[in-house]
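User: Please take a close look at one helix of this model, and then place what you find there within the chain as a whole.

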Amino acid sequence: MDWGQRRGLLVGGAAALAVLAVLFVVVGTDRVVESLLSADPALVAATFGLALCWLVTWSLMLRTVLGSLDISLGVTTAFLVYAGAVFANNVTPFGQAGGEPVAAALISRVSGSRYESSLVGIASVDVLNVVPSLSLVLLGVGYYATTAAVGERLEVAVTVAVALIAVIVTVIGLVWRFRRTVVERLPAAVGRLVGGFDRFDAERVTEGIGRRLRNFFADIERVGTSPGRLAAAVGLSLTGWLFQSAALVVAFAAVGASIPPAVALFAVPLAYVAGATPLPGGLGGIEAAFVALLVPTTGVPASAVTAAVLVFRGGVYWMPVAVGGVSASVLGVRTVR
């Protein structure tokens, strides 16, 4: 990690801590701490257990997607690799967008596969996760609307999430539609851009980028021609989202509160939209998004909501950071050896 990356991580971490500090001050630090100290240890452990089930499920999803690219990983290795990928996502800005290149490098090192194939694998997992998440948002909000009035804040959140997903899907569709044009023109454009620097060989840069892009799009086509594996991957994705939703419900029970399962179904995917911020893994932004969504939709006091969200994030953010950091380090050392 160079100085620029360290500086970005430090700035992002400081910003995340500032957001959390503001959240604590607004909600009431004393009340949040009191709720956390009175939390049921058994239910906190159950929250972490459900979070671990989510991590295992999505590691199997990654293994399934990589299998369509003829990249073979054992179950244990797939878990360690995916934990390392989540670690990368959680410590880099802009969530998956920032962590995917690091995760792809880890997959490539462990499996011995091409970097482009590894990038397609981890990117496919993130893209496939959109389908069940959007379905859960619509299902959860639809059911919630039959039992309570949908507030303006929830309407805005759903609209923003759907619009953001639509933009992402549109961009991906356009890039795929014009992939041949991208392969033909992008390498030459980059080559001309770097040609003015003595340290770069423009011809080699153009050739290298063109080759990687051709391999990248070819691997995407291979994933798309495995309908059985795609169906299995989407099923595992849905199961992982359900584990996370269950973990949120149990986290509320741990602090002595309760929320309807339907609220958890749409709150988890919606809050993760805040992960697309320049904060490491969305830290701070996601917690604030959860509180903003859950206070008006559950009627639970803000202090209890914040405490429950912190317990939940302990399972789905901090535990993968710890496990993934160790696994990334171990796998990296093994690969070097």
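Analyst: The buried residues of helix H4 (buried meaning under 20% relative accessible area with a 1.4 Å probe, protein chains only) are Ala78, Phe79, Val81, Tyr82, Ala83, Gly84, Ala85, Val86, Ala88, Asn89 and Asn90. This is a predicted model, in which local features need pLDDT of at least 70 and side-chain atom pairs count only at pLDDT 80 or more, while totals for chains, interfaces and linings use all residues. Residues are numbered from 1 along each chain as its sequence is written, and side-chain values use heavy atoms, with hydrogens and water left out.

Helices here are DSSP runs of H or I with at least four residues, strands are runs of E with at least two, and both are numbered from the N terminus. The expected span of a helix is 1.5 Å times one less than its number of residues, so the 17 residues of H4 (residues 75-91) should cover 24 Å, and the end C-alpha atoms of H4 are indeed 24 Å apart. Helix H3 (residues 41-67) has 27 residues and an expected span of 39 Å, which agrees with the 39 Å between its end C-alpha atoms. At the start of H3, the backbone nitrogen of alanine 42 has a side-chain oxygen of aspartate 40 within 2.9 Å.

In the protein chain as a whole there are 14 helices and zero strands, and 45% of the 337 residues are buried. Among contacts (heavy atoms within 4.5 Å) with a separation of 6 or more, 75% join residues 24 or more positions apart.

One such pairing in space involves alanine 251, which sits in helix H11 (residues 227-254) and is buried, with a relative accessible area of 0%. Its C-alpha lies 5.6 Å from that of phenylalanine 312, although the two are 61 residues apart in sequence. Leaving aside residues up to four places away in sequence, alanine 251 touches Thr47, Ala308, Val311 and Phe312.

The largest nonpolar core (a set of buried Ala, Val, Leu, Ile, Met, Phe, Trp, Tyr and Cys residues joined through side-chain atoms within 4.5 Å) has 72 residues, of which Ile122, Leu248, Phe252, Phe290 and Leu294 touch the most other members. Helix H14 (residues 302-336) gives the largest share of this core, with ten residues. Apart from it lies another core, of six residues, including Leu20, Leu279, Leu283 and Tyr317. Phenylalanine 290 touches Leu248, Ala267, Val268, Ala271, Val309 and Phe312, again not counting residues up to four places away in sequence.

Key:
Buried means under 20% relative accessible area, exposed over 50%, partly exposed in between (1.4 Å probe, protein chains only). A polar contact is a pair of N or O atoms within 3.5 Å; within protein, one must be able to donate a hydrogen and the other to accept it, and residues adjacent in sequence count only if both atoms are side-chain atoms.
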